[in-house]
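Got the viewer open? Load the model and have your selection tool ready; we'll go stop by stop.

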Amino acid sequence: LRSLEPAETPEVEAVESRLCATSGLSLNSLARLRIVRPGVKLGLCNRGCGPKSAYICLSEQDEVFFPRLGIRLVLKRGDLAMWPNVDWETGRAVEDVRTMR
């Protein structure tokens with residue numbers, strides 16, 4: 001629904017700090033946070049770009065489904081799901097299409 005400015009509010013700044021701590025990435029590599037509605041149709045979900053993506057559940061309950069992996073996560077308000085977008089198996093950074101939703 002909208003993109004948030006970096007450190008737009010104290011709450012946004014706290015979420016950004018926690019995401020960096022959890023991902024092991026610096027604040028400089030964090031994209032602007034976006035508030036979105038969960039996608040309900042396969043192939044129409046935006047997982048973001050960069051080495052990792054994260055989803056924080058803001059509703060009572062939501063699901064994140066990775067059809068290429070056969071994994072469905074059921075999240076409750078406040079839960080975080082984070083996953084890599086990069087496959088390093090070859091020694092080079094290659095987009096991991098298994099995490100496309």
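Is Glu-5 buried, exposed or partly exposed? Select Glu-5: its relative accessible area is 41%, so partly exposed (buried is under 20%, exposed over 50%, partly exposed in between, with a 1.4 Å probe and protein chains only).

Before moving on, some ground rules. This is a predicted model, where local features need pLDDT of at least 70 and side-chain atom pairs count only at pLDDT 80 or more, while totals for chains, interfaces and linings use all residues. Residues are numbered from 1 along each chain as its sequence is written, and side-chain values use heavy atoms, leaving out hydrogens and water.

Now add Arg-32, which meets Glu-5 in a salt bridge at 3.1 Å, N to O (a Lys or Arg side-chain nitrogen within 4 Å of an Asp or Glu carboxyl oxygen). The two sit 27 residues apart: Glu-5 in the loop between strand 1 (2–3) and helix 1 (10–23), Arg-32 in the loop between helix 1 and strand 2 (34–35). Those are DSSP runs numbered from the N terminus, helices being H or I of at least four residues and strands E of at least two.

Next, pick Arg-2 and Glu-8, another salt bridge, with the closest N and O atoms 2.5 Å apart. Then try Arg-72 with Glu-63, at 2.9 Å. The full count is four.

Last stop: select Tyr-55, Cys-57, Val-64, Phe-66, Leu-75, Ala-81 and Trp-83, the largest nonpolar core (buried Ala, Val, Leu, Ile, Met, Phe, Trp, Tyr and Cys joined through side-chain atoms within 4.5 Å). Strand 4 (61–66) and strand 6 (80–84) each give two or more residues to this core. Zoom in on Cys-57, buried at 1%.
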